[in-house]
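Visitor: I should like a close look at one part of this model, the run of paired strands, together with what lies before and after it along the chain. Please take me through it in one connected account.

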Amino acid sequence: MFDAWTRQEQFVRWMCPPGVEITLCEIDVRRGGVWRIDGRNTGGTFSSSGVCLDVVAPERLVFTWAHHADGSFSGARGHETTVRIELRALGDRTQLTLVHGPFADTEDFRCHRDGWDGSFGKLETLLRGTP
């Protein structure tokens, strides 16, 4: 599970909900390392980035997250949130706890919640090894 969050080739297969394609992914998974993604969907393009705040493999990953204005890295970063992932082995399963926030407003929360819901469906598919 930790590799799905920290290895680019796995991350691009599940991050973002169905209908969204990641076109660029760079992940430097270490304290102070920078990550960024570019993507597109039917509504256009987007860019997001952040910094790794804490990495304790294979049980914890904490990073910031912000979208860039105008869908490019040259645009200003918007409201920044923090994503905290905790992983706990339960026999042959893994319990994932995600805490993400604080959000700028209710609409921002809804957009991220919907994004995580769609992403986690794809993550489950990746981890089960199904196409």
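Guide: The account below follows the paired strands, then the cysteines, and finally the long stretch of helix towards the end of the chain.

The model is a predicted one, and every value given here is computed from it.

The approach to the strands is a suitable place to begin. Cysteine 16 lies in the loop between helix 2, residues 8-14, and strand 1. Although cysteine 16 is not a glycine, its phi is positive, at about 85°. Its relative accessible area is 9%, and because buried means under 20%, cysteine 16 is classed as buried.

Strand 1 covers residues 21-27, and isoleucine 27 belongs to it. With a relative accessible area of 18%, isoleucine 27 is buried. Which residues does isoleucine 27 touch, not counting those up to four places away in sequence? They are Trp5, Thr6, Gln8, Phe11, Val34 and Trp35. Of these partners, Trp5 and Thr6 fall within the range of helix 1, residues 2-6, whereas Gln8 and Phe11 fall within that of helix 2. Val34 and Trp35 belong to the range of strand 2, residues 34-41. By contrast, the C-alpha atoms of isoleucine 27 and threonine 125 are separated by 22 Å, the two residues being 98 apart along the chain.

Strand 1 and strand 2 run antiparallel and are joined by 6 bridges. One pairing in this register sets glutamate 26 against arginine 36 of strand 2. The hairpin that connects these two strands has 6 residues between them, and within that hairpin glycine 32 adopts a positive phi near 90°.

The pairing continues from strand 2 to strand 3, again antiparallel, with 8 bridges. Here aspartate 38 has serine 47 of strand 3 as its bridge partner. The hairpin from strand 2 to strand 3 passes through 2 residues.

Strand 3, residues 44-56, contains aspartate 54, which is buried at a relative accessible area of 13%. How is the side chain of this acidic residue engaged? It makes a polar contact of 2.8 Å with the side chain of arginine 31 and another, of 2.6 Å, with the side chain of arginine 60. Beyond its neighbours within four places in sequence, aspartate 54 is in contact with Arg31, Arg60, Leu61 and Val62.

After strand 3 the chain enters the loop that leads to strand 4, residues 60-67, and proline 58 is located in that loop. The peptide bond between alanine 57 and proline 58 is cis, with omega about 0°. A second cis bond occurs further along, from glycine 101 to proline 102, where omega is near -10°. Proline 102 sits in the loop between strand 6, residues 93-101, and helix 3, residues 106-128.

The cysteines deserve a separate remark. A disulfide is a covalent bond between the sulfur atoms of two cysteines. How many disulfides does the model have? The count is 0. Cysteine 52 takes part in none, for the nearest cysteine sulfur, in cysteine 25, is 11 Å away; because a disulfide requires sulfur atoms within 2.5 Å, that distance does not qualify. Cysteine 52 is buried, at 4% relative accessibility. For cysteine 111, the closest cysteine sulfur is that of cysteine 16, and the distance of 13 Å is too far for a bond. Cysteine 111 is partly exposed, with 44% relative accessibility.

Helix 3 closes this account. At its start, a side-chain oxygen of aspartate 105 comes to within 3.2 Å of the backbone nitrogen of glutamate 107. The helix has 23 residues, and at 1.5 Å a residue it should span 33 Å; the C-alpha atoms at its ends are 33 Å apart, so the two values agree. The buried residues of helix 3 are Asp108, His112, Gly115, Trp116, Gly118, Ser119, Lys122, Leu123 and Leu126. An α-helix has 3.6 residues a turn, so residues three or four places apart point the same way. The elements covering the buried residues of helix 3 include helix 1, helix 2, strand 4, strand 5 (81-90) and strand 6. Just after helix 3, glycine 129 has a positive phi of about 75°.

Terms used:
Residues are numbered from 1 along each chain as its sequence is written. This is a predicted model: local features need pLDDT of at least 70, side-chain atom pairs count only at pLDDT 80 or more; totals for chains, interfaces and linings use all residues. Side-chain values use heavy atoms; hydrogens and water are left out. Helices (H or I, at least four residues) and strands (E, at least two) are DSSP runs, numbered from the N terminus. Buried means under 20% relative accessible area, exposed over 50%, partly exposed in between (1.4 Å probe, protein chains only). Contact means heavy atoms within 4.5 Å. A polar contact is a pair of N or O atoms within 3.5 Å; within protein, one must be able to donate a hydrogen and the other to accept it, and residues adjacent in sequence count only if both atoms are side-chain atoms. Two strands pair if DSSP finds at least two bridges between them. The expected span of a helix is 1.5 Å times one less than its number of residues.
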